Amino acid sequence: MSRATTVRPFFTLPLAALLASLLAAGPAPAQDLQGAIRTQLAAADSVPVDQLFALGNRLLDAAPDNDDAFRNALLQAVDGASERTRLAAAVALKGLKEDDTFGRDLLALIAPLATSADEQVRGKALALLGDSQAFNSRVLPDVQKILVENCQDELVPPAARIEAALALWAVGSNSQRGIAKSTLELFLRSSDRDLEVRGALALAQINVESGKAWSVLRDIKDEPTDFGRQAQLFLQRAEMRREFDRDLANLAQRLQGAGNEPARGETDEYRMLDELRDR
């Protein structure tokens, strides 16, 4: 992952400059790095939940090249911290490596948030678990267990339950994917129109392109809302897939009847095949 060389301050906090100065001066004592991280994360409880991702990523921008040192300082800095602080820290830790190096630490940060009374925090935390590359085979079963429990518990807030289902679809086994799909289909039977739409959009996200979900998307596609625009994009994507399948089938039929196959690219059919492959 590329790290920014010039760090912009987050809100009015001078953290980025502080971290940069610590790094420029050479290896920072652990307590200094912890203090810098704590100062940055102090904003976590005063910003909207959506901005916690930006906060975590800004913190990551100023991380030293020594990933282990940053990981250690980060975990010590959030010991006993609030849920929102832990969520921002989880964002930073998840982005620190693009593999499962810190998977167990990441799960330890997120697991308590998976039962949070704050629906937004819970949903965002569950969404972070939907990355199979972040967890190795020893940690993944624990991740799956958390997601399955959040899918199957009817008392889980709807938005968080949807995030759990999407994450489980991404990291679950085939049978667990069935649980995820069934969970999302429950929302299509909701009398709450907003939940019905959210369920339909989530099903489209996992490539379910039929049934009631598709009817809901067609109903809202012209609405001048975020949901309407998402629905329109999903419907357009589905039409492009159908068009691709038709073109490919027609091309295969023509090539079968062509007898001896010419060299690749020498006929209009093969040029079309190249175009379809590019698409």
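**Helix packing around α9**

The buried residues of α9 pack against α7, α8, α10 and α11. In this predicted model, those buried residues are A160, R161, I162, A164, A165, L166, A167, L168 and V171. The helix itself has 14 residues, which should span 20 Å at 1.5 Å a residue, and the 20 Å between its end C-alpha atoms agrees with that.

The chain as a whole gives the setting for α9. It contains 14 helices and 0 strands, so the pattern read along the sequence is α-α-α-α-α-α-α-α-α-α-α-α-α-α. Of the 279 residues in the protein chain, 41% are buried. The chain exposes about 14,800 Å², and carbon and sulfur atoms supply 48% of that area. Taking contacts between residues at least 6 apart in sequence, 59% join residues at least 24 apart.

One of the partners of α9 is α8, which covers residues 140-152. Helix α8 has 13 residues and reaches 18 Å from its first C-alpha to its last, close to the 18 Å expected at 1.5 Å a residue. Its buried residues are L140, V143, Q144, I146, L147, V148, N150 and C151. These pack against α6 (103-110), α7 (119-128), α9 (158-171) and α10. Helices α7 and α10 therefore appear in both lists: the buried residues of α8 pack against them, and the buried residues of α9 do too.

Between α8 and α9 runs a loop that holds E154. This residue counts as exposed, because its relative accessibility is 66% and the cut-off for exposed is over 50%. E154 and T183 are 29 residues apart in sequence, while their C-alpha atoms are 9.7 Å apart in space.

The next step along the chain is the pair formed by α10 (residues 174-186) and α11 (residues 193-205). Their axes are 8 Å apart and the helices pack at an angle of about 150°. That makes α10 roughly antiparallel to α11, since angles over 145 degrees count as such. At the contact, K181, L184 and E185 of α10 meet G199, A202 and L203 of α11. The residues of this contact divide into 3 nonpolar, 1 polar and 2 charged.

Helix α11 also contains L195. With a relative accessible area of 16%, L195 is buried, because the cut-off is under 20%. Leaving aside residues up to four places away in sequence, L195 touches P158, F187 and S190. L195 and I162 are 33 residues apart in sequence and 9.5 Å apart in space, C-alpha to C-alpha. I162 is itself among the buried residues of α9.

Earlier in the sequence, L93 offers another view of a buried side. The residue is found in helix α5 (residues 83-96), and its relative accessible area of 2% places it among buried residues. Beyond residues up to four places away in sequence, L93 touches R71, L74, L75, F102, D105, L106 and L109. For one of these, D105, the separation from L93 is 12 residues in sequence and 8.3 Å in space, C-alpha to C-alpha. D105 falls within the residue range 103-110 of α6, a helix against which the buried residues of α8 pack.

How values were computed: Residues are numbered from 1 along each chain as its sequence is written. This is a predicted model: local features need pLDDT of at least 70, side-chain atom pairs count only at pLDDT 80 or more; totals for chains, interfaces and linings use all residues. Side-chain values use heavy atoms; hydrogens and water are left out. Axes are lines fitted to C-alpha atoms, for helices over the stretch in contact, and angles run from 0 to 180 degrees between N-to-C directions. Helices (H or I, at least four residues) and strands (E, at least two) are DSSP runs, numbered from the N terminus. Angles under 35 degrees count as roughly parallel, over 145 as roughly antiparallel, 65 to 115 as roughly perpendicular and the rest as oblique. Contact means heavy atoms within 4.5 Å. Ala, Val, Leu, Ile, Met, Phe, Trp, Tyr, Cys and Pro count as nonpolar, Asp, Glu, Lys and Arg as charged, and the others, Gly among them, as polar. The expected span of a helix is 1.5 Å times one less than its number of residues. Buried means under 20% relative accessible area, exposed over 50%, partly exposed in between (1.4 Å probe, protein chains only). Accessible areas come from the Shrake-Rupley method with a 1.4 Å probe; for residues, only the protein chains shown count as cover.
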